[in-house]
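Okay, thanks everyone, I'll keep this short. Let me put the sequence and the model up, and then we'll walk through it.

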Amino acid sequence: MNIEVKGINGRLVMKVQENCSYHQFLEDLDRLLDQSLFLQKGYYPRAFFDFGCRELSDDELQQLLILLNQKERVLFDGMTILEQSHHVQIKKEQLHNGEEMFIHHETLFLGIVNAGSYVYCYQDVYFLNMVKGTIIAMNEDVKIYGHDFQKAQIVINQQCLHDLTTSALTSIYYKDNQIIVAKEEKYVSNNCDYVR
């Protein structure tokens, strides 16, 4: 049997061994649900499925739910799911006058945002190059990061910060009904000497 069953807080936790194939798990679960414990009239324990690090496909989840529905012996009480890994999108485009870009995911922006262009941000955005255009935060939780703003316009929650110019690491966000510009105080410039 590749399923370990434990009673925790009024529910059954069914832990599946990591080296078990999904097909074998379904067969073991089918046999387990036919045991006398699950055949008691009026007894429907809640069952939580712990798959460890295994990620189930939609098809596998559907197979599990079909089996539980056919057997009618336990109440499905959830399962472990893997945390989504943190992904930052990368945009390399250069925006020119009149162009617009919509940022729907946390994004690292490598291109230049020229004057007259607009970037609409639904998530945090990090600018590595020059920003001369308009950055519009589409909700007040968005944070804008960069180090080379040149007369940029920042709009958050219908408030506008005009002509932002900085060459220090800067974070811009909305707090206490105002736009906050936080510059890195200990900005270290590149003190290089040219060698001939």
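So, what radius of gyration does the protein chain have, set against a compact globule of 196 residues? Before I answer, a reminder that this is a predicted model. The protein chain has 27 Å, while a compact globule with that number of residues would be near 16 Å. Along the principal axes, the C-alpha atoms fill a box of roughly 80 × 50 × 30 Å.

On to secondary structure: you're looking at 15 strands and two helices. If you take the contacts with a separation of 6 or more, 30% of them are between residues 24 or more positions apart. Buried residues come to 36% of the 196.

Now the inside. The largest nonpolar core has 22 residues, and Phe127, Ile135 and Ile144 have the most contacts inside it. Which strand gives this core its largest share? That's E12, with four residues. Strand E12 covers 149–156, and other strands supplying at least two residues each include E6 (100–103) and E14 (170–175). Have a look at Ile144 if you're rotating the model: leaving out residues up to four places away in sequence, Ile144 touches Val125, Phe127, Ile135, Phe149 and Ile154, among others. Apart from that core there's another one, of 21 residues, and Cys20, Phe25, Leu67 and Leu68 are among them.

Last, the surface and the charges. The protein chain exposes about 12800 Å², and 47% of that comes from carbon and sulfur atoms. There are 27 negative side chains and 18 positive ones, with the centres of the two sets 3 Å apart.

Technical notes. Residues numbered from 1 in each chain as written. Predicted model: local features only at pLDDT ≥ 70, side-chain atom pairs only at ≥ 80, totals over all residues. Heavy atoms only, no water. Rg over C-alpha atoms; globule rule 2.2 N^0.38 Å. Buried < 20%, exposed > 50% of the residue type's maximum accessible area, 1.4 Å probe, protein only. Contact = heavy atoms within 4.5 Å. Areas by Shrake-Rupley, 256 points an atom, 1.4 Å probe, with all protein chains shown as cover. Lys, Arg positive; Asp, Glu negative; His and termini not counted. Charge placed at Lys NZ, Arg CZ, Asp CG, Glu CD. Core = buried A, V, L, I, M, F, W, Y, C linked by side-chain atoms within 4.5 Å.
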